[in-house]
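User: Could you take a close look at the aromatic residues in this one and walk me through how their rings are arranged? Some context on the overall fold would help too.

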Amino acid sequence: MTAQPTEDRSDPLVILRDLPEREHEEFLRQYHRAVDAAHDPAGYQQLRRLLRVWSLTAVAARQPGYYEELTAARAGTATTVPVTKAIPDWAERAAAAGTAGDL
């Protein structure tokens with residue numbers, strides 16, 4: 001039995017394929033800017049981060065209610081839950097990661 005190759009979710013073509021059409025123009029604008037910056041080795045990590053964020057956006061934007069929740073968050077009307085309630089051991093995790101526990 002051979003393993004099937006997994007798709008690279010951060011491949012720009014995969015991201016474009018998976019993004020809703022309404023996101024294509026903004027993705028391409030940011031992508032081209034990041035590619036230009038990546039000519040400098042310091043800009044390469046920025047390109048990688050951008051692709052990772054957009055790959056996550058492509059998944060999230062396909063979920064029902066995504067745009068409504070995004071609008072509510074921007075308007076300050078979204079239902080929120082404190083991180084300490086959503087993740088009961090948050091303080092311990094934050095301390096282990098070396099960050100402030102009250103983020």
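Analyst: Sure, fold first. This is a predicted model, and along the sequence the protein chain reads α-α-α-α-α-α, that is, six helices and zero strands. Its radius of gyration is 18 Å, well over the 13 Å that the globule rule gives for 103 residues, so the chain is more spread out than a compact globule. The C-alpha trace spans about 40 × 40 × 35 Å along its principal axes, and 23% of the 103 residues count as buried.

Now the rings. Searching the whole structure turns up three aromatic pairs. Take F27 and Y31: their ring centres are 5.7 Å apart and the planes sit at 20 degrees, which is under the 30 degrees cut-off, so this pair counts as stacked. Both belong to helix α2 (residues 21–37), and because they are four residues apart there, about one helical turn separates them. F27 is buried, at a relative accessible area of 0%. W54 joins F27 and Y31 in one aromatic cluster.

Y66 and Y67 make another pair, this one edge-to-face, with 4.9 Å from centre to centre and 80 degrees between the planes. As for exposure, Y66 has a relative accessible area of 22%, so it is partly exposed, whereas Y67, at 17%, falls under the 20% cut-off and therefore counts as buried. Y67 also has a charged partner: R22 lies over the face of its ring, 3.6 Å from the ring centre.

Methods:
Residues are numbered from 1 along each chain as its sequence is written. This is a predicted model: local features need pLDDT of at least 70, side-chain atom pairs count only at pLDDT 80 or more; totals for chains, interfaces and linings use all residues. Side-chain values use heavy atoms; hydrogens and water are left out. Rings of Phe, Tyr and Trp (its six-membered ring) pair if their centres lie within 6.5 Å; planes under 30 degrees apart count as stacked, over 60 as edge-to-face and the rest as tilted. Helices (H or I, at least four residues) and strands (E, at least two) are DSSP runs, numbered from the N terminus. Buried means under 20% relative accessible area, exposed over 50%, partly exposed in between (1.4 Å probe, protein chains only). A charge sits over a ring if NZ of Lys or CZ of Arg is within 6 Å of the ring centre and within 35 degrees of the ring normal. The radius of gyration is taken over C-alpha atoms; the globule rule is 2.2 Å times the number of residues to the power 0.38.
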